[in-house]
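Hi everyone, thanks for coming. Let me put the structure up on the screen, and then we can walk through a few places in it together.

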Amino acid sequence: MATGPNSSTKTRFQWTIARKIGGLATVLIVFILSLLIYSIVALRGMQTELEEIAELDVPLMELINKIEIQQLEQQITLDQLLRLGERVALDQNLEVEAKQRLHAHSEALNQHIEAGIRLSEMGFKTESKTLFDSIHTSLLEVRREAGRLYPILIGMVETIESGVYPDERTVDDALSKGVEFDRKILALIQVIEAFTEREINILEKHNKIFFMVNSALGASGVLIGTFFSLLVIMGIRSNLFRLTQRVSEVTQAIAENRSIPATSIDVDSSDEIGNLAGKLSLMIDSVSEDFQKRDELSRVLNQLATTDTLTGAFNRLKWEEDQALEIERVKRSRDDLSLIFFDIDFFKKINDTHGHDVGDRVLIEIVREVPGQIRQTDSLYRTGGEEFVILTPNTTREQAAILANKVRQAIAEHDFETAGHVTVSMGCVQFDKKSEDDAARMFKRADQALYRAKESGRDRVVTAA
């Protein structure tokens with residue numbers, strides 16, 4: 001075969017073109033492989049962090065919620081325990097029930113705390129060692145305070161079982177230890193809230209990483225398949241965005257102390273992102289349920305703190321709060337404010353003749369009878385023993401006397417089981433805005449009016465200036 005200049009030039013030209021094409025193909029292949037390797041490394045790092053969240057963060061947050069619920073239930077038990085002194089004659093099983101509940105709360109608390117400590121210790125090997133160390137320290141403090149509070153509560157129960165109500169020092173010690181325990185729980189919750197920010201930061205970090213990878217793959221995907229590349233890219237970004245958005249909604253709801261939205265995390269994926277979405281959905285449902293339970297427990301605790309256990313009327317603590325608020329209100333307005341102070345005539349005789357259980361029944365029936373005779377704006381309080389107060393906003397002394405006579409007559413006409421005929425004596429006063437009147441002076445005048453009603457024959461209403 002003849003070889004001339006033209007053939008040599010043609011061969012060299014074809015080789016040069018092939019080299020350029022091969023070099024370009026090599027660059028593209030290397031670039032794509034580099035992106036793929038980087039994506040694999042990033043995915044492995046993401047998988048590790050997601051597994052860490054699923055294995056440590058989610059269970060730890062659930063445990064903290066359970067610890068908080070146990071703490072609220074223990075507060076309710078403590079409140080009921082402090083009331084046992086008034087109800088021992090009614091139910092001898094209350095001490096045993098309180099002791100059993102305290103044992104149950106203590107055992108559940110210890111289990112949750114120990115589980116949380118083990119999880120936090122596992123977190124020492126992660127990059128978030130500092131965060132887990134803070135949680136570990138807080139859990140140790142909670143465990144220490146729980147260990148201090150529990151013997152005091154059990155000691156109070158045992159004291160009550162022996163027939164002696166705990167002295168004021170023991171009660172104050174229990175309350176102070178309870179406040180310190182609540183403070184440690186609050187500190188633990190504040191530390192654990194950092195987990196939510198940590199999860200958002202992790203998701204946002206991976207969102208940025210995948211944004212860069214996806215952008216590069218999108219540019220190179222024009223040469224090797226734009227459609228498929230963008231399909232994968234947008235799928236991952238969309239799922240990560242949904243995860244980030246949902247966690248942000250939950251964080252904001254927790255920060256604003258409102259209910260967590262019930263929407264689910266709609267992630268169309270069966271990979272690590274899909275698994276994380278499923279676990280986060282379960283965690284959010286659990287947290288939402290715990291928040292609802294905590295709100296219900298808080299409502300019950302508030303009711304116990306402001307309601308008389310025996311009769312269901314408002315107690316003295318609620319009376320002092322409402323009276324102070326109403327007095328401040330009428331000082332800033334032109335409204336009137338009156339109160340009716342009454343007690344049961346010869347109540348000691350009822351107890352001595354028929355027994356304390358009949359006396360307690362009389363108190364309960366009076367509390368049931370009075371609301372039907374007063375207005376919705378009026379409030380009934382049991383301030384102690386057989387003494388009651390009716391707070392009547394926007395009412396003059398004369399109007400309060402009419403209302404008091406209505407209540408007095410209804411009680412006098414009521415047929416009390418066993419006790420029979422029962423009467424009450426009442427004193428009515430109005431808040432005097434022209435003088436330097438206050439809660440103490442107003443209540444003292446009402447007490448003096450009640451005393452005059454007693455002295456003048458009982459079963460009557462006396463008003464005082």
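Let's begin at D437, which is buried, because its relative accessible area is only 5%, and the cut-off for buried is under 20%. Before I go further, please keep in mind that what you see is a predicted model.

So where along the chain does D437 sit? You will find D437 in the loop between strand 4, residues 424-430, and helix 13. And what surrounds D437 there? Setting aside neighbours within four places in sequence, D437 is in contact with K331, Q430, F431, D432, M442 and R445. Take D432 from that list: its backbone nitrogen is 3.0 Å from a polar atom of the D437 side chain.

Now let's follow the chain into helix 13, residues 439-455, and look at its partner, helix 9, residues 316-331. These two helices pack at an angle of about 110°, and their axes are 10 Å apart. Helix 9 and helix 13 are therefore roughly perpendicular to each other. As for handedness, helix 9 and helix 13 make a right-handed crossing.

Which residues meet there? From helix 9 we have W319, Q323 and I327, and from helix 13 they meet A439, M442 and F443. Sorted by class, this contact has 5 nonpolar residues, 1 polar residue and no charged ones. You may recognise M442, since M442 is also in contact with D437.

Next, a second helix pair. Helix 10, residues 347-354, and helix 11, residues 356-369, have axes that come within 6 Å and cross at roughly 135°. That makes helix 10 oblique to helix 11. On the helix 10 side, the contact is made by F347, I350, N351 and H354. Helix 11 brings H356, D357, V358, G359, V362 and L363. By class, that gives 5 nonpolar, 4 polar and 1 charged residues.

Finally, two stops for those of you who like backbone angles. T418, in the loop between helix 12 (397-413) and strand 4, has a phi near 75°, a positive value in a residue other than glycine. Is T418 buried or exposed? T418 is exposed, with a relative accessible area of 53%.

The other stop is D459, in the loop between helix 13 and strand 5 (461-463). D459 is not a glycine either, and its phi is positive too, near 50°. With a relative accessible area of 26%, D459 counts as partly exposed.

That's my tour, and I'm happy to go back to any of these places on the screen.

Notes. Residues are numbered from 1 along each chain as its sequence is written. This is a predicted model: local features need pLDDT of at least 70, side-chain atom pairs count only at pLDDT 80 or more; totals for chains, interfaces and linings use all residues. Side-chain values use heavy atoms; hydrogens and water are left out. Axes are lines fitted to C-alpha atoms, for helices over the stretch in contact, and angles run from 0 to 180 degrees between N-to-C directions. Helices (H or I, at least four residues) and strands (E, at least two) are DSSP runs, numbered from the N terminus. Angles under 35 degrees count as roughly parallel, over 145 as roughly antiparallel, 65 to 115 as roughly perpendicular and the rest as oblique. A crossing is left-handed if the near helix is turned anticlockwise from the far one by less than a right angle, and right-handed if clockwise. Contact means heavy atoms within 4.5 Å. Ala, Val, Leu, Ile, Met, Phe, Trp, Tyr, Cys and Pro count as nonpolar, Asp, Glu, Lys and Arg as charged, and the others, Gly among them, as polar. Buried means under 20% relative accessible area, exposed over 50%, partly exposed in between (1.4 Å probe, protein chains only). A polar contact is a pair of N or O atoms within 3.5 Å; within protein, one must be able to donate a hydrogen and the other to accept it, and residues adjacent in sequence count only if both atoms are side-chain atoms.
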